[in-house]
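Look through the sequence and the structure below. The paragraphs after them go from the whole assembly to one pair of helices.

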2 protein chains.
Amino acid sequence: MAQLIADRRDIDFVLHEQLNVETLSREERFNEFGKKTVDLIVSEARNLAIKEMLPLQKPSDAGCRFDNGLVKVPEGFHRVMAAYNDGEWLAMTDDPEWGGQGMPKTVAMAANEYFYGACNSFMLYNLLTHGAAKLVENFGTREQKELHLEKMLSGKWAGTMLLTEPEAGSDLACITTTARDNGDGTYSLTGNKIFISGGEQDLTENIVHPVLARLEDAPPGIKGISLFLVTKYRLKEDGTPGEFNHVVCTGIEEKMGLHGSATCSLELGGKGQCTGTLLGEKNKGMAAMFLMMNEARQMVGLQGQANASASYMYALDYARQRIQSKKLTAPAGSAPASIINHPDVKRQLLMMKAWVDGMRSLVYYTGLCHDREAIATDEAEKHSYATLLEVLTPIVKGYITDRAFDVCNHGVQIYGGYGFIEEFPVSQLLRDSRIFMLYEGTNGIQSMDLVGRKLGMDKGKPFIHFLAQVEKTLAAAKQVPGLIPMAESMERFLAGYAEVAHEISQRAAAGKVMEVFAFSHPFLEVTGDLTMAWMLLWRATVAYPKLGKTKKDDGFYHGQVRTARFFINNILPITTGRLNAIKQGDAVAAEMEDAWFGGK
Amino acid sequence: MAQLIADRRDIDFVLHEQLNVETLSREERFNEFGKKTVDLIVSEARNLAIKEMLPLQKPSDAGCRFDNGLVKVPEGFHRVMAAYNDGEWLAMTDDPEWGGQGMPKTVAMAANEYFYGACNSFMLYNLLTHGAAKLVENFGTREQKELHLEKMLSGKWAGTMLLTEPEAGSDLACITTTARDNGDGTYSLTGNKIFISGGEQDLTENIVHPVLARLEDAPPGIKGISLFLVTKYRLKEDGTPGEFNHVVCTGIEEKMGLHGSATCSLELGGKGQCTGTLLGEKNKGMAAMFLMMNEARQMVGLQGQANASASYMYALDYARQRIQSKKLTAPAGSAPASIINHPDVKRQLLMMKAWVDGMRSLVYYTGLCHDREAIATDEAEKHSYATLLEVLTPIVKGYITDRAFDVCNHGVQIYGGYGFIEEFPVSQLLRDSRIFMLYEGTNGIQSMDLVGRKLGMDKGKPFIHFLAQVEKTLAAAKQVPGLIPMAESMERFLAGYAEVAHEISQRAAAGKVMEVFAFSHPFLEVTGDLTMAWMLLWRATVAYPKLGKTKKDDGFYHGQVRTARFFINNILPITTGRLNAIKQGDAVAAEMEDAWFGGK
């Protein structure tokens with residue numbers, strides 16, 4: 001039977017054969033999560049996703065309703081949210097002290113791939129709640145934690161992130177929302193926020209809003225921003241929701257996709273007092289937010305990966321069903337064949353598979369780095385995982401979401417004219433996935449983060465550590481005779497890549513800032529391609545020795561080896577071309593004067 | 001003031017400085033179309049587009065209404081259609097005998113760029129009408145022409161194309177609609193057609209449907225398909241519409257975009273007799289349809305180009321207005337600047353500009369080839385233009401529409417989060433432009449047409465003629481000292497390209513059909529990039545000698561030279577990488593077996 005959302009065999013391959021997730025259970029922290037438990041968790045998640053969440057996807061496209069300050073989420077969301085909360089899925093990876101399950105993040109990635117691939121707009125409410133809860137956990141006082149944390153992690157209350165304002169998008173330094181000290185430990189907030197996912201909804205009994213705002217005496221710019229905790233309903237003495245706190249929803253956006261997620265404009269304290277408490281230190285709001293932003297960015301990468309996987313599953317199934325034109329190699333007059341037999345369809349499916357597989361490995365690997373960081377007893381080892389994650393985050397967010405959109409685009413193309421009509425699921429996946437390139441920092445911002453911060457961080461050590469991981473896989477591949485040509489191609493590429501990375505650092509050191517950033521996004525693209533090649537070669541290294549060993553899995557393992565070969569022989573030459581352009585370094589874009597663009 | 005839809009200065013540059021369209025007026029056929037007249041036509045088209053059509057775009061997104069077999073187009077379409085018909089815009093290029101204006105196609109491309117860029121879904125009704133009229137003109141009897149042609153070319157009646165059926169999309173050989181000979185010169189048609197743009201509407205008093213169907217005694221497959229002319233209302237003795245002809249609209253599609261264009265399912269002769277006449281020869285329907293398909297495919301390329309241009313104009317204007325973050329080179333604490341100052345935004349705008357400019361030149365050049373073919377007195381010259389158009393058509397349709405979608409995608413990205421919400425125009429342009437990659441033959445089909453038919457056509461002569469045109473521009477560029485490095489880079493690329501084209505022909509000759517077509521789309525991409533580089537270098541060759549000559553246009557000419565340099569130094573290296581992958585020729589996709597794709 002055709003798989004929906006994600007290829008279970010491939011998920012198991014990544015968890016057990018590539019990443020050996022069960023080795024984590026040797027550590028006390030994760031000792032409940034042996035192979036059987038992991039498989040059970042993935043199966044449960046898959047069931048919930050396919051049976052409950054997937055049926056929400058199409059109706060969610062009709063959107064939320066806004067009426068007089070209130071938002072109604074699509075029908076069915078309430079029922080499925082209850083099931084999701086019953087299963088305690090929101091707090092999979094969290095501290096048992098606050099009701100979490102303490103699961104490895106690697107495993108949670110697999111569960112979340114099913115959930116986000118089934119209905120991303122539904123899951124967005126949970127993503128925001130979890131992010132807000134982590135802010136409370138990391139920066140809250142004991143009292144703040146006790147008031148909010150269990151209610152959030154159980155899904156009883158939701159959470160959001162109030163960052164963006166009309167004039168403060170990529171540049172949060174321009175935030176104007178203000179907080180006045182009431183002298184009693186509370187603050188009165190005033191301001192307008194936009195693009196707030198789940199800023200208002202009828203799913204939960206309360207909503208917890210972490211808000212970026214300025215104290216009245218704060219210094220200008222980014223160093224004068226503090227973080228506040230504001231709830232939709234003020235909390236009574238007993239901690240239950242009381243009177244309305246004047247966080248007023250003034251409207252929701254009409255969007256290209258992700259309609260089931262209400263994107264709200266919020267007015268704080270416009271028509272009555274809106275009070276909150278300080279979360280963390282005064283004027284340190286941005287640092288707190290950025291700590292959480294990393295997790296959020298990784299999860300946006302997962303969203304892209306999950307949507308791309310869903311699109312691939314649909315397109316693959318369609319290509320197997322749809323009969324059109326005879327096989328090219330069949331004699332004239334032969335009966336038409338399923339389109340999976342046609343070479344340009346095969347090429348597109350293989351491109352989709354290469355990216356979906358590579359992205360899945362990368363996303364789960366990111367989870368594994370978190371888990372390894374968490375259990376590391378050696379400080380240096382802990383630090384090395386933490387900094388590796390710093391390097392990987394802009395790749396996961398910026399590169400995966402670019403490619404996820406491309407994969408969803410191929411999904412539409414394989415459906416032909418049917419791809420453009422809303423009767424089939426691939427159009428919605430394409431529209432939904434467009435936002436991933438924009439929110440939590442546009443992909444332009446991600447590329448600047450990679451080149452401007454991560455490349456040169458700590459004298460380049462984290463970046464060199466990242467390349468060392470790639471080299472480990474290369475060394476392993478070179479031990480497998482059938483993979484040597486691929487490994488050597490990739491080795492040549494890696495040498496060229498390292499040279500260009502060094503060249504960019506030198507340009508940056510020479511102060512050629514415009515020239516460097518004119519190539520930041522191309523550099524993100526080649527870095528992402530390198531990461532994909534790494535993941536796919538790693539897969540091939542695991543799969544190759546198993547070829548011909550089992551009848552059941554032989555096709556699967558052949559697929560692994562061929563996908564790596566496709567990427568290394570058909571895609572990496574293109575990446576090399578892009579690398580050459582960066583190396584040549586003619587920064588025309590940086591030179592461009594306003595008038596030269598025309599249009600006036 | 002910011003330009004809307006298209007950059008008029010650039011349109012004038014292509015018409016007058018690059019293509020010298022006024023030289024056409026030396027020929028009798030076009031002697032009314034001197035520079036002044038051409039400029040007037042473009043200005044009139046621009047006025048109509050901006051004042052009347054552009055205001056339709058946003059409301060058209062709400063779509064058509066379907067009720068009990070009837071389709072209502074969006075409000076406003078009727079009024080603007082009247083204005084469009086008053087201006088006789090549909091028949092710009094047609095024969096004065098049937099009410100046409102006999103204008104050069106080159107000029108019509110400029111007018112149409114404004115129209116399609118303003119509201120594509122509105123213009124689609126006209127595109128289909130024009131295509132159907134050309135079928136009647138080319139294949140109709142005198143009586144058929146007299147009955148239909150003037151009414152269609154004046155816009156009084158509309159036209160469509162009834163090709164696709166549920167089981168016959170890319171593969172029209174599977175068509176099952178049948179035509180029974182009534183013995184009186186008429187035929188009774190029975191069958192179901194889908195995806196019929198404008199198949200039913202309330203804009204015109206009649207609709208003329210050219211229908212692909214099989215005669216009862218027709219041979220199987222593609223050689224048994226005939227073309228019939230069916231009208232929505234049968235024609236009375238006096239040629240006016242009479243009783244309903246049982247072309248029943250059974251529904252319209254919910255689509256990703258282009259909502260103002262009704263995409264209809266039609267049932268012919270299901271509940272009453274549907275009669276038509278044979279158009280052209282029995283069993284020769286496909287040949288007739290393909291002749292028209294070429295024009296339609298070129299116009300789809302124009303649609304992509306026009307949408308991309310509109311998105312660029314919006315994004316450029318937005319980037320000039322939107323203030324966010326200080327200039328990278330400004331001291332800390334400097335005021336935020338408009339985002340056009342930021343290098344990654346510049347890079348994206350320059351990519352958009354490179355493609356929009358290159359595509360505009362290519363589309364108009366295609367028009368010029370038609371015009372030169374029309375006025376050529378020498379048969380060999382006429383033939384050389386006709387076959388050059390054969391080579392260019394899959395590039396115009398397949399490559400331009402792929403890149404147009406990319407350009408519209410950048411347009412969304414430059415708007416940041418605002419790009420995803422429907423308040424701004426760039427989301428709709430992205431959604432609308434997705435169909436161009438699918439209709440009139442998917443871009444996969446276009447790539448197979450290029451590699452399978454056009455590359456080897458007539459012993460490769462048309463293809464060699466195409467490359468000879470590129471070489472002419474190269475030779476001219478090498479006469480301009482400042483352009484020599486660019487020209488030499490491109491010359492090296494061209495040599496490598498020609499080698500790969502030859503290599504592919506040899507693989508094809510050796511019967512490696514799967515291997516060849518596994519690279520057909522990559523080959524279309526490199527061919528398209530070559531064509532862009534050609535067009536942009538040609539522009540630079542015209543612009544370079546004018547640098548520093550006029551204050552008013554100096555920025556414009558600098559833009560031309562820099563855009564060519566950007567494409568040749570930053571994009572063509574990537575193309576070279578893709579070319580290397582094709583050359584290496586590891587056709588992994590062709591090898592892929594069904595099971596290796598997973599998902600079962």
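Through what surface do the copies meet? This is a predicted model, in which local features need pLDDT of at least 70, side-chain atom pairs count only at pLDDT 80 or more, and totals for chains, interfaces and linings use all residues. Residues are numbered from 1 along each chain as its sequence is written, while chains are lettered from A and ligands numbered from 1 in the order in which they are written.

The copies meet through the same surface, because 100% of the interface residues of chain A are also interface residues in chain B. Chain A puts 89 residues into the contact and chain B 89 residues (two residues are in contact if their C-beta atoms, placed from the backbone, lie within 7 Å). On the side of chain A that touches chain B, helix 16 (residues 551–584) of chain A gives the most, with 18 residues. Helices here are DSSP runs (H or I, at least four residues), numbered from the N terminus.

Chain A is superposed on chain B by a rotation of 180° with 0.0 Å of shift along its axis (RMSD 0.0 Å); the fit is by least squares on the C-alpha atoms of residues with pLDDT of at least 70 in both. The two copies are therefore related as by a two-fold rotation axis. Of the residues of chain A, Gly577(A) comes closest to this axis, its C-alpha lying at 2.2 Å.

Within chain B, residues of helix 9, including Glu390(B) and Asp402(B), meet residues of helix 11, among them Asn443(B) and Lys454(B).

Key. Helices (H or I, at least four residues) and strands (E, at least two) are DSSP runs, numbered from the N terminus.
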